[in-house]
Amino acid sequence: MIDSKFSDKSFVVNLNVEKCMWILLILLTIFSRFYDLGSRVISHDESLHTYYSWELSRGEGFEHTPLMHGPFQFHALAFVYFLFGDTDFTSRVPSAIFGVLAVGILWWYRDLLGRAGAFIAGCLMCISPIMLYYTRYVRNESFVVVFVLIMALSFWKYLKYKQDKWLYLFVAAIAFNHTSKEVAFLYDAIWMIFVGLLFVNDNMKSDWRNPLLKRIFIFFIVMAIILGLIATLILQVDVLDLLNVDGDGGRLDYFLVIPALMAVIFGLFSGILVCVARWNVIKDYASFDLLLVMITLILPQLTAFPVKYLLNSNPIDYSVVGIWKSVPVLIFLLLVSMWLGLSWDKRRWVLCALIFYSIYVVFFTTIFTNGNGLATGFMGSLGYWIEQQSVERGGQPWYYYILVMIPMYEYLPFLGLIIGFVLYVTAIRNDRKYESKLWYRDSSLVYFNFLFFWCFASILIYMLAGEKMPWLTVHLSLPMIIISGWAFGILLQRIDWNKLFGVNFTVLLLVLLLAGISMTQTIISILNVLSIQSASVNLYASRDWLEVMSSVVLLVVMIVLLYKFVSKVGWLDISRLINIMIVGVFGVLTIRTAIGSSYIRYDEQTEFINYASGAPGIRVVMEQVEEISRRTTDGLSIRIGYDDDVSWPFTWYLRHYDNQVFVGGEPTRDLLQDSDLVIAGNNNWPEIESILRTNYSSFEYIRMWWPMQDYFGLNSERIMNNLLDPQRLSALWNIWYMRDYTQYGSINGVDYSLSRWPVVDKMRFYVSRKLTSKMWDISSMSTLDMVDSSTDPFEDVHIIREADKLINTVFDDDEGMDRPKDVSISDDGFIYVADTFNHRILKFDNQGKLVLQWGFYGSVYESNERSNGLNEPWGIDVSKDGFVYVADTWNHRIVKYDLEGDFVLSWGGFGDDADLYSMWGPREVLVGQDGMIYVADTGNKRISVFTDDGQIVRQVGMGGLGSGEFEEPVGLSLDSVGNLYVADTWNARIQVFDNEGKFLYEWDVLEWDGQSLDNKPYLAIDDKENKLYATAPEGYRILVWDLLGEPLMSWGDFGKEMNSFDLPTGIDIDSSGGIYLADSENNRVLYFMGFVDK
């Protein structure tokens, strides 16, 4: 017999079609978030979060640092590790759970978006490529999405019903958002600005006892807005440059602080005035409640602003001195907040404060075990975020989101935003009764005002922000998804489905589908024909003409059939159905994009969805490490060393290996002694291999890679060239639709195959030969190509040689050189140095005394400065007739000066086409005996030759792997008969051409093997001795050959002494055979006496 209590109706769930659809959606979301969750390699950023969470789960504590954002994720991860153990899969479980919650929360948005709109928004959240990827990733975005959705929901509910429970939920969501990530400050700003405008409107719509006070109130508000906009503009524009004033960051802060402070003062005056004049009235405004609660809870979090801009101190300085500067400001802001809150409503504010600070303090102090977390939270969170904006990590262009991330991934929500905005504007214009209630709380229209304000404000803020990263697209996509759900729901509801089902609906759908396919095929066929025509092929002989005709015929037939349906149903419902079908097509494409990025190409950098991704080689190496360790130690006790280049993610992956040894960036024999295995990044290979020598076998892998970045430097000309050139347009389509870079790479001379991906960091896995001799088989390593590090053509001719002179001083009040990349000697013995990262040229006499300097940072794309403004000059050479030529690398041009540093002329600009004036990061410039100017156009993989007044003469070479082709050409030199020697860096060879640019011969340079961004070697020829000198930046040596490639000598090692280097680059030879070397990372120039036989 069944217990009667189980038959109670309260336990019965009344299912209907809508609930069943939501249940299916939630199940699909669960599957999409958890399926194959652990397969992708833990990336650099993920490993930071996972490792410190793992330590917390083991009881080793956790100290919050803004570098890794909020503490919530670490507590959530630690709890999951405590329950289920620490694996790559469980590391992503918290994000996946919150990804499911984000879809589920939209159930409570039905009253706002409509039932269809809320469900569609849930579907969009489920299939969004960005949302899917970052809810399967160990980042904070997944948590932020949930807390922001709760903020938006409770915000709307409180505005509409003014019930305390929604206010408390709103406060809790804000608190959790602050424990998640510093983007909480941006959400606070958006919410507070909107609520402030709503509050101002509430006051402007109502009557004041004293109209004069109302006018003064309006004046204060207008002034606060204007000054706030000026301060925002100053943050984005280099005011000192605009005013043609020399200055530093401190003077820029001065320009920023004045309008910002005045805006705050006017805002305070307006607040004081309205509170004094209308206190009893405004206490009834829900907008005032929300505004005051947000101000009083957020104000102490803004301590970093007055500390940095008023006290001129560092808010992330946690020393005793730094704390003594910051804490009084914090206490003052806390007291002001308490006074305002208690004046408003003692009971409710105390409850709000208890909710907020209970959550905040518990997480930032790691449950009261880390008192310093309060300092890193209150001062450090915002302080670190402010610093990062000036760093501009990634250096992405302003259009990164709107021209790259959204078109690649979030095109469906963006389409919904456009449709939604049209519906929104149309509703306001056509429905006059809503216009007077636009800002009123008793209409849901006020919330749509907020949704669009949120969306457009987010797009603007993230476009202007210094740091632009793919995961931040989540915050642009979220409001677009909510708006799209509402917009697509409206489209569905406006269709008269009964009328459509009254005709043969299946046939109608088929006709519309075929019409769409035939129209698309017609366009594609026409483009193919145009492409063939541009290639001078007989148009009528092409099969594509027949394709055009057949697709047009099919389209005409479909249009005729469609007309018959229109006569029965009406054009309005047909057009609305077409709109829904277009949205459906975009939906299918979105699902395809999401599947490709999250389940197929998740470990490939053909996707733009992540920035610095861990490559599959990481997991391959770890599988080998585990296999070798278990076979030799019967556990995980093998001795393995790793350096600072690979420390993340290998600190995470080696956490269970008891005998791991971290050797840092300066490995020593003591640290590496007795290591059976070593993992090292490309920056430390020379030091590591000088210690390991021939005792280890090495295997090379890609450790980390970045998306291709050809979208940098876009302008209207490049965009139009891509759109009007059928081949380029086809290549871009292949990238968008299939992530296939083959055609694009062929056009631009770049190999985008995964094994030769152009933007990578590599690592090598070293295995002791003693160990391998004991093991009869290592099956997982049998297919790998061994890198034989035992053959060094310079081993028998390497010498130890000390520099005879050091040049590293400039003026007394100067900080010195900053990574100089090149040096050139004039006929009269003066030494010219490209002080690259100081963006200037230095001129020394032959005793090393500085006699002249010129240049400063200036981007020709940011200002009209065309003369002394330089942007990382890498190459320099001096002509016999008394001119200095500079490769102004990231202004993508050549600049000509006289010997006194006066500007003469410049030529070149950014571009990747066949025009030789289009340059891409030229690294070297060389003046020939005949006065011709040779330019290593590194990014375009060619050598360009000009006259001394910048007229084009010819091109030498092109991108590729064959003879006469280049991959990253840098150093240039000419011999006495005019033969040109080119450092073909990434092809690891020197190529020789005659004076007409015809290829002669080549030889390999093993030292240049690798494609790191620092591997930029330079060349110099001693005509008297017929010797070629070259730098090996990552080998820390100077290499010497005869002019046929026979090794003669090498010297140098890693270090700071006079016989060692740190990233040697530019090299030149004076009239006596003396060698000048730009020892870049040691910030100096070294001089060696003339050639010495071994």
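Start by selecting Val350: with a relative accessible area of 36%, this residue is partly exposed. Val350 sits in helix 18. The model on screen is a predicted one.

**The nonpolar patch**

Add Ile331, Leu335, Met338, Leu342, Leu351 and Leu354 to Val350, and a nonpolar surface patch appears, with about 570 Å² of accessible area together. Colour helix 17 (320–344) and helix 18 (346–364), since each supplies at least two residues of this patch. Helix 17 gives the most, with four residues.

**A buried charged pair**

Stay on helix 18 and select Arg348, then Asp289 in helix 15; the pair ties together parts that are 59 residues apart in sequence. The two form a salt bridge, and their closest N and O atoms are 3.7 Å apart. Both Arg348 and Asp289 are buried, and for Asp289 the relative accessibility is 0%.

Helix 15 spans residues 286–298. Show what surrounds Asp289: beyond neighbours within four places in sequence, the contacts of Asp289 are Tyr158, Lys162, Lys283, Trp344 and Arg348. Then extend the selection to Lys162, Asp164, Asp345 and Arg347, which join Asp289 and Arg348 in a network of salt bridges.

**Two long-range salt bridges**

The whole structure contains 38 salt bridges. Go next to Arg139 and Asp45, whose side chains meet at 3.1 Å, N to O. Arg139 is in the loop between helix 8 (129–134) and helix 9, while Asp45 is in helix 2 (residues 44–57), and the two are 94 residues apart. Arg139 and Asp45 are both buried.

Now select Arg619 and Asp88, where the N to O distance of the salt bridge is 2.3 Å. This pair links helix 29 (residues 617–633), which holds Arg619, with helix 4 (residues 88–91), which holds Asp88, across 531 residues of chain. Are the two partners buried or exposed? Arg619 is partly exposed at 21% relative accessible area, whereas Asp88 counts as buried at 11%.

**The nonpolar cores**

Hide the charged side chains and turn to the largest nonpolar core, which has 171 residues. The residues with the most contacts inside this core are Tyr109, Met125, Leu149, Phe155, Trp191, Trp454 and Phe608. Helix 9 (residues 141–161) contributes the largest share, 14 residues.

Centre the view on Leu149. Apart from neighbours within four places in sequence, Leu149 touches Ala102, Ile105, Leu106, Tyr109, Met125, Leu478 and Ile482. A separate core of 37 residues lies apart from the largest one; among its members are Val41, Ile618, Trp652 and Tyr653.

**The cysteines**

How many disulfides does the structure hold? There are zero. Select Cys126 and find the closest cysteine sulfur, which belongs to Cys123: the two sulfurs are 7.1 Å apart, too far for a bond. A disulfide would require them to be within 2.5 Å. Cys126 is buried at 5% relative accessibility. Cys352 is also buried, with a relative accessible area of 0%.

**Last stop: strand 6**

Finish at Val760, in strand 6 (residues 760–768). Val760 is buried, its relative accessible area being 4%. Show Leu1013 as well: although the two positions lie 253 residues apart in chain numbering, the C-alpha atoms of Val760 and Leu1013 are separated by 8.7 Å.

Conventions: Residues are numbered from 1 along each chain as its sequence is written. This is a predicted model: local features need pLDDT of at least 70, side-chain atom pairs count only at pLDDT 80 or more; totals for chains, interfaces and linings use all residues. Side-chain values use heavy atoms; hydrogens and water are left out. Buried means under 20% relative accessible area, exposed over 50%, partly exposed in between (1.4 Å probe, protein chains only). Contact means heavy atoms within 4.5 Å. Patches are made of residues with over 30% relative accessible area and no salt bridge: like charges are joined within 9 Å, nonpolar side chains (Val, Leu, Ile, Met, Phe, Trp, Tyr) within 5 Å. Accessible areas come from the Shrake-Rupley method with a 1.4 Å probe; for residues, only the protein chains shown count as cover. A salt bridge is a side-chain nitrogen of Lys or Arg within 4 Å of a carboxyl oxygen of Asp or Glu. A nonpolar core is a set of buried Ala, Val, Leu, Ile, Met, Phe, Trp, Tyr and Cys residues joined through side-chain atoms within 4.5 Å.
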